[in-house]
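User: I should like to understand how the terms used for a structure are justified. Please show the structure and begin with one pair of residues.

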Amino acid sequence: MDRNKLIRALSDEPQKQWDIIVIGGGATGLGIALDAVTRGYKTILLEQSDFAKGTSSRSTKLVHGGVRYMAQGDILLVIEALHERGLMLKNAPHLTANQEFVIPVYTYWDVFLYTVGLKFYDLLAGRLSMGKSYFINKKRAVQRLPLLKAEGLKGGIVYHDGQFDDARMAVALATASIEKGGTVLNYFRAGTLLKDEKGKITGVLARDLVSEKEYNIRGKLVINAAGVFADEIHRMDNPESKPTIRPSQGVHIVLDNSFLQSSSAIMIPKTDDGRVLFAIPWYGKVVAGTTDTPLDTVTLEPRALNQEIEFILKTAGKYLTRQPKREDVNCIFAGLRPLAANPDNPEATKEVSRRHKITLSRSGLLSIIGGKWTSYRRMAEETIDRAIKSGTIEKRKCVTRNFSFYSNGNLPRSERLRIYGSNAFQIEDLIREHPELEELIHAKLPYTKAEIVWICRNEMPVTLEDMLARRTRALILDARASAEAGPAVAALMAKELGFSKSWEENQISKYNDLIEIYT
Ligand SMILES: Cc1cc2nc3c(=O)[nH]c(=O)nc-3n(C[C@H](O)[C@H](O)[C@H](O)COP(=O)(O)OP(=O)(O)OC[C@H]3O[C@@H](n4cnc5c(N)ncnc54)[C@H](O)[C@@H]3O)c2cc1C
């Protein structure tokens, strides 16, 4: 991934006619770009910030069918997601894992309800099941989850789902698209839709936010995959368009593993106010959440409300022997669900479906909204199929079902470097050549200086935040430690990317301002 090289190629061919221009570099847009590139379409993707800066780095990090959607009766959505879960675990084994969950049960009715419900979940997964669900008695439940409150407990239901690293999966999608010949650019904002005299969309006027240069990018088809910002793109197309997104905020907190001390996750299917709450081990910490707060405005940097944080802490304390307090929280992160609203009744938020919606405007803007990370591949396939059906692009078959993100079967020596897939060997080589790069960026963070150097050379980070929040997950694992590591990481980045001392200082200061939102 070489941003400058991709932009040079763009400048060298200003008249180039792309088959597909994708707006938005989250799960949805990146999935579409990879689908399109691998079908052989000339594809460019524009992301206004960093890849997965929006919702796609702020998920619960589950590759799941959605036990809750099953309870809501959305069986088709669950079947589709369970199938995609199986494909994602097969195609990206280095970024996904089989995670065991335990649902603590406190009444015999719940024992019956969740045992039967999860057997049905297993059945829906079919061949792609990740392990059978079963009931365990109180003694075994407490053995598995030593810090679970035992009072009143009847036992637990064990089941399996997938877990992943959302931001790194986004980078894997971007890398794969570029390797297959696509152009995928971060910090490139689509500002205006270009139209011909008949009002048909012919491209996008976009700005490189690093150089502030503008580019006329011409293409047969523009796809709006802007997540919670999709309505902004709709309004670029038609200022009168009705809202289609109902944003809903979900907050997570990250705690030290001493609050769970287990490799099993806890799933509370119904909290006091009817929400689902997870406490999941992730990179040696515990991610707990989430909430569901309808919002009227959208931003790239949403902020958790006090009552959301208190709700998660209070609920976790109801089930765990040790009550986590505000000062125990390593990081707080908020994400916005791009729920597909009813355009005639945008205020209706009650159980808006997690299913995605694809629409085509009169001027030819193809939009996809809603959906979930787990289903990104299927959503991409449907979007491109819809474009083919509209006659904009010629027919070609989708090939992503068996697209492997992990070309080399050998595992790196270090289990922790597994997340870099086949490239882990390059990081190990770098450490062999420069042993000083084995040093950690911070005593409380698992990342070495070698990873920072390798990422600079291969994964298109533009800012210190890109490095600490999404290429590594330092921000999420421990926000304060990541800020302390900031100066050393900025210095390494400046050296690798050829930036000045003032760039370093500016990045550190911006990062320190950002940390406030996450602490
Ligand atoms: C709290 C929470 C928990 C979740 N947990 C899970 C989970 O565990 N598993 C799961 O499968 N799903 C989960 N989801 C859902 C999943 O995260 C989302 O469905 C998915 O990330 C949405 O991706 P997206 O690409 O549509 O949106 P985004 O990730 O928001 O991407 C849209 C991108 O478009 C860019 N953009 C906007 N306007 C422009 C422009 N003019 N020019 C260029 N770029 C632009 C934005 O910068 C943004 O990066 C969760 C969602 C939330 C909120």
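Analyst: Isoleucine 266 has alanine 279, a residue of strand S13, as its bridge partner. The model is predicted, so local features require pLDDT of at least 70 and side-chain atom pairs pLDDT 80 or more, while totals for chains, interfaces and linings use all residues. Residues are numbered from 1 along each chain as its sequence is written, and side-chain values use heavy atoms, without hydrogens and water.

User: What makes S12 and S13 a pair of strands?

Analyst: Strands are DSSP runs (E, at least two residues; helices are H or I, at least four), numbered from the N terminus. Two strands pair if DSSP finds at least two bridges between them. Strand S12 (residues 265–268) is joined to S13 by three bridges, so the requirement of at least two bridges is met. The two strands run antiparallel.

User: How do you know that S13 pairs with S14?

Analyst: Five bridges link S13 to strand S14 (residues 285–289), again in the antiparallel sense. Phenylalanine 278 stands opposite glycine 289 of S14, and proline 281 has valine 286 of S14 as its bridge partner. S13 and S14 form a hairpin with two residues between the strands, where tyrosine 283 takes a positive phi near 45°.

User: Which other strand is joined to S14, and by how many bridges?

Analyst: S11 is joined to S14 by five bridges, and these strands also run antiparallel. Leucine 255 stands opposite valine 286 in S14.

User: Why is lysine 61 called buried?

Analyst: Buried means under 20% relative accessible area, exposed over 50%, and partly exposed in between (1.4 Å probe, protein chains only). Lysine 61 has 0% relative accessibility and therefore counts as buried. This lysine 61 lies in the loop between strand S2 (43–46) and strand S3 (62–63). Its phi is positive, about 65°, although lysine 61 is not a glycine.

User: Why does tyrosine 187 count as buried?

Analyst: The relative accessibility of tyrosine 187 is 12%, so this residue counts as buried. Tyrosine 187 is placed in the loop between strand S7 (183–185) and S8, and its phi is near 55°, a positive value in a residue other than glycine.

User: What makes S13 a mostly covered strand?

Analyst: Six of the six residues in S13 (residues 277–282) are buried. Leu277, Ala279 and Pro281 point one way, and Phe278, Ile280 and Trp282 point the other way. In S14, five of five residues are buried. Lys285, Val287 and Gly289 point one way from S14, with Val286 and Ala288 pointing the other way.

User: Where is threonine 290 found?

Analyst: Threonine 290 is in the loop between S14 and strand S15 (293–294). A cis peptide bond, with omega about 25°, joins glycine 289 to threonine 290.

User: How do you know that leucine 62 makes a polar contact with the ligand?

Analyst: A polar contact is a pair of N or O atoms within 3.5 Å; within protein, one must be able to donate a hydrogen and the other to accept it, and residues adjacent in sequence count only if both atoms are side-chain atoms. A polar backbone atom of leucine 62 is 2.7 Å from a nitrogen atom of the ligand, so the pair meets the limit of 3.5 Å. Oxygen atoms of the ligand lie 3.1 Å from a backbone N or O atom of threonine 55 and 3.1 Å from a polar backbone atom of glycine 371.
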